Amino acid sequence: MVQALEKAKGGRYAFFNHRDRYGAEIDYERASFQHPAFWWSDTFPQANLDLYTKVVELKPGESFSFEYSLKYLSQAPGI
């Protein structure tokens, strides 16, 4: 799964639970992030998409920001 995320073009990824018919799509600025990571646990009913930013060294007065959006899906992407 992680290899698929690292090779994916653009900055969008979706997870959809076909059995329970819900999901989420995250859209992010690919240039701001070092890599995404997707994981889940059999113990909890959750899926996690982590976004790791690139390492940035800031000087006093400087800032770093990034944007992403998270959208609830009631249908599988592409339908």
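Start with the largest pocket of this predicted model, which has a volume of about 220 Å³. To display its lining, which consists of 14 residues, begin with Phe15, Ala24, Ala47, Asn48 and Leu49, since these are the ones that lie nearest the centre of the pocket. Then colour β1 (12-17), β2 (22-28) and β4 (47-53), the elements that each give two or more residues to the lining of the largest pocket. Which of the elements gives the most to that lining? It is β2, with four residues. If you next colour the lining of the largest pocket by class, you will find 11 nonpolar residues, two polar ones and one charged one.

What does the empty space in such a picture rest on? Rolling a probe the size of a water molecule over the atoms shows where empty space is left.

Stay at the pocket for a moment and select Asn48, whose place is in strand β4. Is Asn48 buried or exposed? Its relative accessible area is 17%, and because buried means under 20%, Asn48 counts as buried. Now show the neighbours of Asn48: leaving aside residues up to four places away in sequence, Asn48 touches Ala37, Phe38 and Trp39.

The next stop is the aromatic rings, and a search of the whole structure finds four aromatic pairs. Select Phe33 and Phe66 together, and look at how their rings are placed: the centres are 5.0 Å apart and the planes stand at 70°, so this pair is edge-to-face. Phe33 belongs to strand β3 (residues 33-40), whereas Phe66 sits in the loop between β4 and β5 (68-73), so the pair ties together parts that are 33 residues apart in sequence. The two partners can also be described by their accessibility, for Phe33 is buried, with a relative accessible area of 5%, while Phe66 is partly exposed, with a relative accessible area of 37%.

Keep Phe66 selected and add Tyr68, because this second pair is stacked, with 25° between the planes, under the 30 degrees that stacking needs, and with 6.5 Å from centre to centre. To see the wider group, select Tyr28, Phe33, Phe64, Phe66 and Tyr68, which form one aromatic cluster.

From here, move to His18, which is found in the loop between β1 and β2. At 57% relative accessibility, His18 counts as exposed. Add Ala76 to the selection and draw a line between the two C-alpha atoms: His18 and Ala76 are 58 residues apart along the chain, yet their C-alpha atoms are separated by 7.4 Å.

Finally, zoom out and show the whole protein as a cartoon. How many helices and strands are there in the protein? There are one helix and five strands, and, if you follow the chain from the N terminus on, the elements run α-β-β-β-β-β. Colouring by burial comes next, and here buried residues make up 22% of the 79 residues in the protein. With a surface switched on, the protein exposes about 6400 Å², of which carbon and sulfur atoms supply 51%. As a last view, display the contacts between residues at least 6 apart in sequence, among which 46% join residues at least 24 apart.

Terms used
Residues are numbered from 1 along each chain as its sequence is written. This is a predicted model: local features need pLDDT of at least 70, side-chain atom pairs count only at pLDDT 80 or more; totals for chains, interfaces and linings use all residues. Side-chain values use heavy atoms; hydrogens and water are left out. On a 1 Å grid over the protein atoms alone, a cavity is a set of points where a 1.4 Å probe fits but cannot get out, and a pocket is an open set with protein on both sides within 12 Å along at least five of seven lines; lining residues have an atom within 4 Å of a point. Grid points are joined across faces, edges and corners, and a volume is the space filled by probe spheres set on the points. Ala, Val, Leu, Ile, Met, Phe, Trp, Tyr, Cys and Pro count as nonpolar, Asp, Glu, Lys and Arg as charged, and the others, Gly among them, as polar. Buried means under 20% relative accessible area, exposed over 50%, partly exposed in between (1.4 Å probe, protein chains only). Contact means heavy atoms within 4.5 Å. Accessible areas come from the Shrake-Rupley method with a 1.4 Å probe; for residues, only the protein chains shown count as cover. Rings of Phe, Tyr and Trp (its six-membered ring) pair if their centres lie within 6.5 Å; planes under 30 degrees apart count as stacked, over 60 as edge-to-face and the rest as tilted.
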